[in-house]
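Biologist: Before I use a model like this at the bench, I would like to learn how to read its features one at a time. Could you take me through them, with the general idea and then the case at hand?

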Amino acid sequence: MKKILLDLSPIQSREQLHDYLARTMDFPDYYGRNLDALYDMLTDIMEDTCIGISWGDREDIPAVRLEQVKKVFRDAQENNPHLCVIFSETQEEGNIP
């Protein structure tokens, strides 16, 4: 199983997010660098892959943006049997201290 750890804590913009994802997940050059393209890349994964995602204690990231990114990963996981996504414990609803 392929394992990928994503630390989104230093990300400051959408552009940085998609550049980081493209580089870290080895997406092809034609990756569209938007959430729809991210979903497409995630659902195209054919190798069993587990992705761990954290963003630390960042309170400056708008909750709406975080929820959008989480939704893309969750939706892709539901539609790709080769994909497992784990969010760091503090990011899951109900686990915030």
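Modeller: Let us start with exposure, keeping in mind that this is a predicted model. A residue counts as buried under 20% relative accessible area and as exposed over 50%, with partly exposed in between. Thr 24 has a relative accessible area of 31%, so this residue is partly exposed. Thr 24 is found in helix α1, which covers residues 14-24.

Biologist: Which residues does Thr 24 contact, once its neighbours within four places in sequence are left aside?

Modeller: Thr 24 is in contact with Ile 4, Leu 5 and Leu 6, when those sequence neighbours are not considered. For Leu 6, the separation is 18 residues in sequence and 7.7 Å in space, taken from C-alpha to C-alpha.

Biologist: How should I read the other residue of helix α1 that caught my eye, His 18: is His 18 buried or exposed?

Modeller: The relative accessible area of His 18 is 5%, so His 18 is buried. Beyond residues up to four places away in sequence, His 18 touches Tyr 31, Arg 33, Asn 34 and Leu 35. The C-alpha atoms of His 18 and Leu 35 are 8.7 Å apart, although 17 residues separate the two in sequence.

Biologist: Now the overall layout: what pattern does the protein follow along the sequence?

Modeller: The pattern is β-α-α-β-α-β, which goes with a count of three helices and three strands. Among contacts between residues at least 6 apart in sequence, 61% join residues at least 24 apart. Of the 97 residues, 37% count as buried, and the accessible surface comes to about 6100 Å², with 50% of this area belonging to carbon and sulfur atoms.

Biologist: In what order do the strands lie in the sheet?

Modeller: The order is β1-β2-β3, in an open sheet of three strands with parallel pairing. The strands β1 (2-7) and β3 (83-87) stand at the edges with a single partner strand each, so one side of each has no neighbour in the sheet. From one strand to the next, the twist averages 15 degrees. Strand β2, residues 49-54, pairs with β3 in the parallel sense over five bridges, and Ile 53 has Phe 87 in β3 as its bridge partner.

Biologist: Thr 49 lies in strand β2; what does Thr 49 touch, not counting residues up to four places away in sequence?

Modeller: Thr 49 touches Met 1, Lys 2, Ile 4, His 82, Leu 83 and Cys 84, on that same way of counting. With 2% relative accessibility, Thr 49 is counted as buried.

Biologist: How do I read the directions of side chains along a strand?

Modeller: In a regular strand the side chains alternate between the two faces of the sheet. Along β3, Leu 83, Val 85 and Phe 87 point to one face and are buried, whereas Cys 84 and Ile 86 point to the other and are not buried.

Biologist: How many aromatic pairs does the structure hold?

Modeller: The structure holds two aromatic pairs. The idea is to look at the distance between ring centres together with the angle between ring planes, where planes under 30 degrees apart count as stacked, over 60 as edge-to-face and the rest as tilted. Phe 27 and Tyr 31 have ring centres 4.8 Å apart and planes at 55 degrees, so their pair is tilted. Both Phe 27 and Tyr 31 are buried. The pair of Trp 55 and Phe 87 is edge-to-face, with 6.2 Å from centre to centre and 65 degrees between the planes.

Biologist: Which parts does the pair of Trp 55 and Phe 87 tie together?

Modeller: Trp 55 lies in the loop between β2 and α3 (63-79), while Phe 87 is in strand β3, so this pair ties together parts that are 32 residues apart in sequence. Trp 55 counts as buried at 5% relative accessibility, and Phe 87 is buried with a relative accessible area of 9%.

Biologist: What lies over the face of Phe 87?

Modeller: Lys 70 lies over that face of Phe 87, at 5.8 Å from the ring centre.

How values were computed:
Residues are numbered from 1 along each chain as its sequence is written. This is a predicted model: local features need pLDDT of at least 70, side-chain atom pairs count only at pLDDT 80 or more; totals for chains, interfaces and linings use all residues. Side-chain values use heavy atoms; hydrogens and water are left out. Two strands pair if DSSP finds at least two bridges between them. Helices (H or I, at least four residues) and strands (E, at least two) are DSSP runs, numbered from the N terminus. Axes are lines fitted to C-alpha atoms, for helices over the stretch in contact, and angles run from 0 to 180 degrees between N-to-C directions. Buried means under 20% relative accessible area, exposed over 50%, partly exposed in between (1.4 Å probe, protein chains only). Contact means heavy atoms within 4.5 Å. Accessible areas come from the Shrake-Rupley method with a 1.4 Å probe; for residues, only the protein chains shown count as cover. Rings of Phe, Tyr and Trp (its six-membered ring) pair if their centres lie within 6.5 Å; planes under 30 degrees apart count as stacked, over 60 as edge-to-face and the rest as tilted. A charge sits over a ring if NZ of Lys or CZ of Arg is within 6 Å of the ring centre and within 35 degrees of the ring normal.
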